[in-house]
Amino acid sequence: MQIGIFTVGDITPDPTTGRTPSEHERIKAAVTIARKAEEIGLDVFAQGEHHNPPFHPSSPTTLLGFIAAQTERIILSTATTLITTNDPVKIAEDYSVLQHLAEGRVDLMMGRGNTGPVYPWFGRDIRDGIALAVENYALLRRLWREDVVDWEGKFRTPLNGFTLAPRPLDGVPPFVWHGSIRAPEIAEQAAFYGDGFFHNNIFWNMSHTRKMVHLYRQRFAHHGHGPADTAIVGLGGQFFMRRNSQDAVAEFRPYFDVAPVYGYGPSLEQFMAETPLSVGSPQQVLEKTLSFTSQVGHYQRQLFLIDHAGLPLKTVLEQLDLLGEILPDLRKGYAEGRPAHIPDAPTHASLVAAAVTHRPSGPTLVDDVTGRSPMQRQA
Amino acid sequence: MTTILVITAGMGQPSSTQLLGQRLGEATLAGLREAGQQGVQLRHVELRTLAADLASYLVSRVPSQALREVFEAVGEASGVIAVTPVFNASFSGLFKLFFDLLEEGLLAGRPVLLAATGGTQRHSLVIDHAMLPMFHYLKARVLPLGVFAATKDWGGSETRLSRRIGQAGAQFAELVAATPVVRPVDAFEHVTSFEDLLRG
């Protein structure tokens, strides 16, 4: 089970002080938070991507590359990579380089993005969101897997004799998750390829999340990737913890009440009752988080949103300390009753090992930068 | 089970808007029974009880349990009777909010009877000039006969509000009886296969 955090990268005034952090502060805070995540033993740090204020992460691989240099173990991921408005060729290039620099500690989560004007800024139309996600990702897969690509589609200039440089590390592309809150087509896409499916699990009630995950699992089996319970599922979630629950509620409420997206809406109590948000003692957060398994089955990745809505860095780091304290119990809880055939989320190492098993006598793909092949790396 | 859903946006309790909706619902039921349809039930939704839920959903995208149930009821209704009070020469904001937040396509092909209440008869064209364009946009199958009730209509015998309610109810019953129930397509049951998605 992978446990980690994901961040939107919003620059929001702290409602309790009225102070707005600078872009510089928030960018450096992202690095501090990622390093802290590794320090407390988390498995994943995932960075969002936005191309409009009040968000800073317009260049996720620059940020993740910098973090890669300052960490050793944590997997760097995205939440999400805009497969609709980015050129798939550029995504392939950027994340190939990142994968090499991070020694394979990289995977991606594809998303469409829901900000209307961002699409035309990049020459696209939000109404083509699903079609863009389908076509662009189909191309991205080929760029990472085929040496020479001839391609023609609806949205991008055709490619003739294109070879991606650099090739993916060890000839093995990063693992890909597909994130969607409500589009069944995206669950179907993830299932078709046998990729991971991630539900943000923040804005909607758990019964909806369950529906999406169920659909993905059924279609994963339908497309022949294995039994439904072996599909690769990730969930989001959010919490705010203090030693005693009244303190947590009192401290978080002013942030919740005016938070971007769901602020000025339901009360904190209603939101806690109807969505996966937990605000309370470490024990309460632990119990609510572990209850997700009963809704979606045994899953592979749990990411928490902890640094949004103007929460100061100091508070975020305290939240991570508390998360670190319940981490052993979380892991123990997830392991409990987990059948042996439930796979872990693929990592670079596991994908390399699988590539070797699946291509025992085929041509050895050589990584033309490192000169290594999956065979050599395995040996 | 055939359900006629009455959605009213009255503010008060009791409310003439709610009363008009109830009378229209009963008239429709009587018409359906006459046509031999038994076991038809009437369900009433007063939007004032969902006002906070609707506003919350608008700004937070989190639908409350109560709201989800009502949206589901719309998707299962054989007919919808929609009644609003007139505010500033149009439907009320609460009325609009409900239909703004209703999932796309949920009213398409569904029989709808429109009605409104107002202080004076001078507002009676609100059904044709304000309500009709919205329901046509939503592709509802709107009964051409709407019912407008001004305050005075509830007293004056010469206006024969009851007769108009009876007429509209009878005609709406015919429309409902002649229209197969449009069930919303469950995107989770009817998945577009990825091969089709790839073909674009």
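**In which helix of chain A is E135(A) found?** In this predicted model, E135(A) belongs to helix α5 of chain A, which covers residues 129-145. With a relative accessible area of 15%, E135(A) is buried, because that value falls under 20%. Beyond its neighbours within four places in sequence, E135(A) touches W151(A), G153(A), K154(A), F155(A) and R156(A). With one of these residues there is also a polar contact, since the side chain of E135(A) comes to 2.9 Å from the backbone nitrogen of F155(A), which is within 3.5 Å. For orientation in the view, the C-alpha atoms of E135(A) and E185(A) are separated by 13 Å, and the two residues are 50 places apart along the chain.

**The open sheet of chain A.** Nine strands of chain A make up an open sheet with parallel pairing, and their order across the sheet is β3-β2-β1-β13-β10-β9-β8-β5-β4. The edges are taken by β3 (75-78) and β4 (81-82), and because each has a single partner strand, one side of each is left without a neighbour in the sheet. Within the sheet, strand β1 (residues 2-7) and β2 of chain A are joined by four bridges in the parallel sense, and one of the residue pairs is F6(A) with its bridge partner A46(A) in β2(A). Strand β10 (residues 233-235) of chain A runs parallel to strand β13 (residues 301-305) of chain A and is joined to it by two bridges, with R301(A) in β13(A) as the bridge partner of G234(A).

**The two faces of strand β2 in chain A.** Strand β2 of chain A covers residues 44-47, and its side chains are divided between two directions: V44(A) and A46(A) point one way, while F45(A) and Q47(A) point the other way. All of these residues are buried, whichever way they point.

**M109(A) and its surroundings in strand β5.** M109(A) lies in strand β5 of chain A, which spans residues 107-111, and M109(A) counts as buried because its relative accessibility is 3%. When neighbours within four places in sequence are set aside, the residues in contact with M109(A) are S77(A), T78(A), A79(A), T80(A), T81(A), W177(A), H178(A), G179(A), F198(A) and L303(A). Two members of that group, A79(A) and T80(A), are linked by a cis peptide bond with omega near 5°, and T80(A) is found in the loop between β3 and β4 of chain A. By contrast with these contacts, D247(A), which is 138 residues from M109(A) along the chain, has its C-alpha atom 34 Å from that of M109(A).

**T315(A) in helix α11.** Helix α11 of chain A, residues 313-335, contains T315(A), which counts as buried because its relative accessibility is 9%. Apart from neighbours within four places in sequence, T315(A) is in contact with F240(A), R242(A) and E251(A). The first-named of these, F240(A), is 75 residues away in sequence, with a C-alpha to C-alpha distance of 9.7 Å.

**The interface between chain B and chain A.** The contact between the chains involves 30 residues of chain A and 19 residues of chain B. The area buried between them is about 2000 Å², and carbon and sulfur atoms give 67% of this. On the side of chain B, the residues that lose the most area to chain A are R61(B), F188(B) and F194(B), which together account for 34% of what that side buries. One salt bridge is found across the interface; R182(A) forms a salt bridge with E103(B), with the closest N and O atoms 4.0 Å apart. Four residue pairs in polar contact are also found across the interface. The helices α2 (51-60), α3 (65-76) and α7 (194-199) of chain B each supply at least two residues to the side that touches chain A, and α7(B) gives the most, with four residues. That side of chain B consists of nine nonpolar, six polar and four charged residues.

**Backbone details in loops of chain B.** Most residues other than glycine have a negative phi, and most peptide bonds are trans. The bond from Q13(B) to P14(B) is cis, with omega near 5°, and P14(B) is in the loop between β1 (3-8) and α1 (16-34) of chain B. A89(B), in the loop between β3 (79-87) and β4 (90-91) of chain B, is not a glycine but has a positive phi of about 65°; A89(B) is exposed, with a relative accessible area of 54%. K139(B), also not a glycine, has a positive phi of about 60°, sits in the loop between α5 (126-137) and β6 (141-142) of chain B, and counts as exposed at 60% relative accessibility.

Key. Residues numbered from 1 in each chain as written. Chains lettered and ligands numbered in written order. Predicted model: local features only at pLDDT ≥ 70, side-chain atom pairs only at ≥ 80, totals over all residues. Heavy atoms only, no water. Contact = heavy atoms within 4.5 Å. Buried area = accessible area lost by both parts, 1.4 Å probe. Salt bridge = Lys/Arg side-chain N within 4 Å of Asp/Glu carboxyl O. Polar contact = N/O pair within 3.5 Å; in protein donor to acceptor, adjacent residues only side chain to side chain. Nonpolar A, V, L, I, M, F, W, Y, C, P; charged D, E, K, R; others polar. Buried < 20%, exposed > 50% of the residue type's maximum accessible area, 1.4 Å probe, protein only. Pairing = 2+ DSSP bridges.
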